[in-house]
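Student: I would like to learn how to read the main features of a structural model. Where should one begin?

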Amino acid sequence: MSTLVTEPRPSAKSVWTNRIYAKMFTAYAISSFGEWFDAFAIQVLVAYRWQADPLMIALIPVMMALPGILLGSLAGVVADRWKKVNLMLIADAAETVLTVLLLFAPGMYWLLPLLALRAAMGVFRVPSHQALTRQVVHEDQLLKATSYNGLVNQFSKIAGPLLGAVVLTVLSPQLCILVNAVTRLISCLLLFTLRRIEANHTAPQEDMNTGENAGPEHRPGFIEQWKQGWAVLLQRRILLTTLIVNMTVILVILMIDFQFPTLFREIAPNNESLLGWMVSSTGVGAVATIMILNRRNRIGYGTGIGGGIVLVGAAIGAMGLLRPGSPEIWSIVLGLVIGIGNGLFMVTNNYALQKETPEGMTGRIFGIQNMMSSTIMIAAPLAGGLLIKGFGVGEVFCVLGLLVLAFGIICLLLQRVLWPAGSKKHTHEEPLRQVSG
């Protein structure tokens, strides 16, 4: 058996002094770039090259959601019980192979099951990454680490589709998919260098034995740990509120999220790259928002989550008003507004879940979130495809955008009720300068 090396979580001024987090971040950054490169290429391949109809396009998120429904909650327990680095490494290796196989998919009936298998690997990787971040990063650096993770995802959203749009002007979507396979392989190799580091090192637990640091004779069983995750979620008001709001927004957004190619095929039928420019502009908006968020003195959960929802809803509704011949700059501007709202919403949401979850249970909470969002993903895109087929893509974007806008306004008005001024142990009004270091 190999010798396990422990590395205590530093309380240094910079999170980059944490060697484990630095390597995790690098691997995550590289793989995120490949994912956005890949996602844009698949959308263009399906919508423009294969000319798939809206219902067929809607099946893409459905197939990707099935593994999350079946495995999401259990994957969170696995992430809390076993060595997270190894889980992430295995997931990356499997995703590399499956991405290569996508290159040989001749049509939708081959593409869909391959996407489902690849999504199954991500079901285990996501809670493992979140739980490992919670464990290896010091409490005072948690917001900083969470923001950096969101920042790199948005930078990837800028670079991936932008470079993908450039590549697609001279080459094929398959080359973009190959880029994702290469980046996933690099991520896998980086995580391989962390295989001897014990991620599950001793850390103080809060109010309960979650099993990870308990002795073998006191360690709860798999089912008991699964029940503990649900119990904590239902007992903690801020956690439950945050998750409910998140799922409500996702329910509406997922009805049109995978239909952006359908919208842009209508408003810009002769410009495949405009979709890439719009997606890249959302990344620019999110990056700017996250950088500003880290410099603020204070922020409330309600302000970040509700304000982000308002911006996303307003921009989606306005995008539904675009018609063929509309100035292309409007697509880019509205994408920028969506990015600003998304950055504000997602970082605040993830930070709230990280901060309010007892240490040692992060994998389970994010696993439950993954399972719930995957369940929604089954019905929502299909419903969106049917609505678009019946009423038109612009009309559906406009109406659903207004619904999201109204919900965001409600969250802002009721934020003191939904997210009380403090929780039992953590306060979400903690100065961000102190948390950010």
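Tutor: Begin with burial: a residue is called buried when its relative accessible area is under 20%, and exposed when that area is over 50%. The model shown here is predicted. In it, Thr183 counts as buried because its relative accessibility is 8%. Thr183 lies in helix 6 (residues 173-192).

Student: Which residues are in contact with Thr183, leaving aside its neighbours within four places in sequence?

Tutor: They are Ile30, Ser31, Phe33 and Gly34.

Student: What share of the 437 residues of the protein chain counts as buried?

Tutor: The share is 58%. The accessible surface of the chain comes to about 17,700 Å², and carbon and sulfur atoms account for 69% of that surface.

Student: How many helices and how many strands are there in the protein chain?

Tutor: The chain has 16 helices and zero strands. In an α-helix there are 3.6 residues a turn, so residues three or four places apart point the same way. Helix 10 (residues 273-293) serves as a case: its 21 residues reach 31 Å from the first C-alpha to the last, close to the 30 Å expected at 1.5 Å a residue. Helix 10 is also mostly covered, with 16 of its 21 residues buried.

Student: Which residues of helix 9 are buried?

Tutor: Helix 9 (residues 260-267) is mostly covered, six of its eight residues being buried. These are Phe260, Pro261, Thr262, Leu263, Phe264 and Ile267.

Student: How should a nonpolar core be read?

Tutor: In soluble globular proteins, nonpolar side chains tend to be buried together. Here the largest nonpolar core has 76 residues, and Phe260, Phe264 and Met319 have the most contacts inside it. Helix 8 (residues 237-253) contributes the largest share of this core, nine residues. A second, separate core of 14 residues includes Ala27, Val85, Val136 and Val137.

Student: With which residues is Met319 in contact, leaving aside its neighbours within four places in sequence?

Tutor: Met319 is in contact with Phe260, Leu263, Phe264, Met278, Ser331, Leu334, Gly335 and Ile338.

Student: How does one read contacts between residues that are distant in sequence?

Tutor: Consider the contacts between residues at least 6 apart in sequence: in the protein chain, 86% of them join residues at least 24 apart. Val310, in helix 11 (residues 301-319), offers a case. Beyond its neighbours within four places in sequence, Val310 is in contact with Leu405, Gly408, Ile409 and Leu412. Val310 counts as buried because its relative accessibility is 17%. The C-alpha atoms of Val310 and Phe345, 35 residues apart along the chain, are separated by 9.5 Å.

Student: How many disulfides does a search of the whole structure find?

Tutor: A disulfide is a covalent bond between the sulfur atoms of two cysteines. The search finds zero disulfides. Among the cysteines, Cys188 is buried, with a relative accessible area of 10%, and Cys411 is buried, at 1%.

Student: Where in the protein chain is confidence lowest, and where is it highest?

Tutor: Where pLDDT is low, the predicted coordinates should not be read in detail. The mean is lowest in helix 16 (residues 432-436), at 33, and highest in helix 14 (residues 393-413), at 92. Over residues 199-217 the pLDDT is below 50, although this stretch has 54 contacts in the model beyond near neighbours in sequence. Residues 422-437 also have a pLDDT below 50, with 51 such contacts. The chain as a whole averages a pLDDT of 75, and 76% of the residues score at least 70.

Conventions. Residues are numbered from 1 along each chain as its sequence is written. This is a predicted model: local features need pLDDT of at least 70, side-chain atom pairs count only at pLDDT 80 or more; totals for chains, interfaces and linings use all residues. Side-chain values use heavy atoms; hydrogens and water are left out. A disulfide is a pair of cysteine sulfur atoms within 2.5 Å. Buried means under 20% relative accessible area, exposed over 50%, partly exposed in between (1.4 Å probe, protein chains only). Helices (H or I, at least four residues) and strands (E, at least two) are DSSP runs, numbered from the N terminus. The expected span of a helix is 1.5 Å times one less than its number of residues. A nonpolar core is a set of buried Ala, Val, Leu, Ile, Met, Phe, Trp, Tyr and Cys residues joined through side-chain atoms within 4.5 Å. Contact means heavy atoms within 4.5 Å. Accessible areas come from the Shrake-Rupley method with a 1.4 Å probe; for residues, only the protein chains shown count as cover. pLDDT is the predictor's confidence in each residue, from 0 to 100.
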